[in-house]
Amino acid sequence: MMSPKKGSLTAGCQPRRRSSLSVVGALTAMALAVVPLSTANVASAATSSPADKGTRVSAWSPSMTTGGPSFTNQTIRMVVHSSVAGSGARITLSNRYSTTPLDISAVDVAVQASGGEATRGTTRNVTFGNSIHVTIPAGEEAVSDVIPISVSAGENLLVSLYVPGTTGMSTWHSDAFDTTYIASGNHTGDDSAAAFGTTTTSWYYLAGLDVVSPTAKGTVVAFGDSITDGYHSSTGTYTRWPDFLGRRLGAEPGPQKLSAVDAGIGGNRVLTDVPNLWQGVSALKRFGHDALGQPGVKDVILFEGINDIGNNAGPNGQPLTAQDLINGYRTLIDEAHAAHVDVIGATLMPDEGNGYYTPAAETIRQSVNQWIRTSGAFDGVIDFDQTMRDPANSAALNPAYDSGDHIHPNDAGMKAMADAIDLRLLRT
């Protein structure tokens, strides 16, 4: 879900969005078509070699979209917050939603000291097919060779990549709720952040970190819209509900059994593509890649649909019905089950007081939630609606959890959502 006034998002995003919109006319046909499914993430989900002594799982993996800014002769340094401990790390770089090949001359990974500063002595060069240079065709992704670095659960890494030429429109994740550092020229090897004079709140090209965990046996994917993406959570504090879920999984008695990754995109819909390019193709189009393509995926928590309802966006330009959304859920469930992945359905939270709310929309939300709870189509149910509603008004968010726009939770609300998940629903 997104706030109806999307322009009120982080100020740093606005210039980039205006520049990307200048090419919308040329790109709309590409962006709203089904992007060919890259095999990069699917291949990376293969069983680890005996030498790995563990299971390869996804540790961090934002969903990517089109419409990002262009870069020229710049180093982009991004923060990766791992949900699980592991070694034998690999990163995935994505050019999936760009129209031209992406040339990257250098990539490195280091442990974050603070901000954009790396801990001295931890920097590791990243190679792709034993080469420090990689060219990724338009519409494709590249998984790195194994990187000799270990990470702890909740630890931050810095991934720096240098683009020597002009990239054109980038594949990105607009709303990172974390800080990215940008420098002119090649500064991939710098421990210092002194050269990184520009900051943004988006991720560019970096689509995943996977590791071999000695204890975790699989990955949980939180799949949704801006509530899952973390809209209105505090920047750099990792207080999205999937972050809280990851910490709960790590705090369980015994070794951590599952990692957790966030596949939310602000504004995303289940059934239809969003006209705003950076809000992504529909869940029906991206689910196989963004959820089922994750290394070690065992469970998907499906929490999406409020943007379909709030925009009255049914198939083929028609008004939305509850049955339309239910049909979309059934398609995703069938796709997951064919891949031997469980799907946990989450009820849609109330939004009275937000611009999305109308009596007709509320009727659809209630009908959809009743189906989620009672149909038996899902492998389990999380009742976010019940957890987050105002005890005095079931159509509205609990004021204690309301960020102020009456639809997105604050940090306390994000924690309440994660705490409402019965961990026994998740496969270990």
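**Exercise 1.** Which residue in β10 does threonine 92 stand opposite?

*Solution.* The structure is a predicted model. Step one is to place the strands: β4 covers residues 87-94 and pairs with β10 in the antiparallel sense, over 3 bridges. Step two is to read off the partner: threonine 92 stands opposite valine 143 in β10.

**Exercise 2.** Determine the strand order of the open sheet that includes β4 and β10, and identify its edge strands.

*Solution.* The sheet has 4 strands, and their order is β1-β16-β4-β10, with antiparallel pairing. An edge strand pairs on one side only; this applies to β1 (55-60) and to β10 (141-143). As for the twist, neighbouring strands of the sheet are turned against each other by 25 degrees on average, direction ignored.

**Exercise 3.** Describe how helices α8 and α9 meet, and classify the residues of their contact.

*Solution.* Begin with the geometry. Helix α8 spans residues 322-338 and helix α9 spans residues 359-374; their axes come within 9 Å and cross at roughly 35 degrees. The crossing of α8 past α9 is right-handed. Next, list the participants. From α8 these are Ala322, Leu325, Ile326, Tyr329, Arg330 and Ile333, while α9 provides Ile364, Ser367, Val368, Trp371 and Ile372. Finally, sort them by type: 9 are nonpolar, 1 is polar and 1 is charged.

**Exercise 4.** Is glycine 305 buried or exposed, and which residues beyond its sequence neighbours does glycine 305 contact?

*Solution.* First, locate the residue: glycine 305 belongs to the loop between β19 (297-303) and α7 (306-310). Second, apply the cut-off, under which a residue is buried if its relative accessible area is under 20%. Glycine 305 has 0% relative accessibility and therefore counts as buried. Third, consider its surroundings. With neighbours within four places in sequence left aside, glycine 305 is in contact with Asp225, Val270, Leu325, Tyr329 and Leu348. Leu325 and Tyr329 also take part in the contact of α8 with α9. A further distance concerns alanine 283, which is 22 residues apart from glycine 305 along the chain; their C-alpha atoms are separated by 9.5 Å.

**Exercise 5.** Summarise the chain as a whole: how many helices and strands does it have, and what percentage of its residues is buried?

*Solution.* Counting elements gives 11 helices and 23 strands. Of the 428 residues, 59% are buried. Turning to the surface, the chain exposes about 15100 Å², of which carbon and sulfur atoms supply 53%. Lastly, among contacts with a separation of 6 or more, 80% are between residues 24 or more positions apart.

Key: Residues are numbered from 1 along each chain as its sequence is written. This is a predicted model: local features need pLDDT of at least 70, side-chain atom pairs count only at pLDDT 80 or more; totals for chains, interfaces and linings use all residues. Side-chain values use heavy atoms; hydrogens and water are left out. Axes are lines fitted to C-alpha atoms, for helices over the stretch in contact, and angles run from 0 to 180 degrees between N-to-C directions. Helices (H or I, at least four residues) and strands (E, at least two) are DSSP runs, numbered from the N terminus. A crossing is left-handed if the near helix is turned anticlockwise from the far one by less than a right angle, and right-handed if clockwise. Contact means heavy atoms within 4.5 Å. Ala, Val, Leu, Ile, Met, Phe, Trp, Tyr, Cys and Pro count as nonpolar, Asp, Glu, Lys and Arg as charged, and the others, Gly among them, as polar. Buried means under 20% relative accessible area, exposed over 50%, partly exposed in between (1.4 Å probe, protein chains only). Accessible areas come from the Shrake-Rupley method with a 1.4 Å probe; for residues, only the protein chains shown count as cover. Two strands pair if DSSP finds at least two bridges between them.
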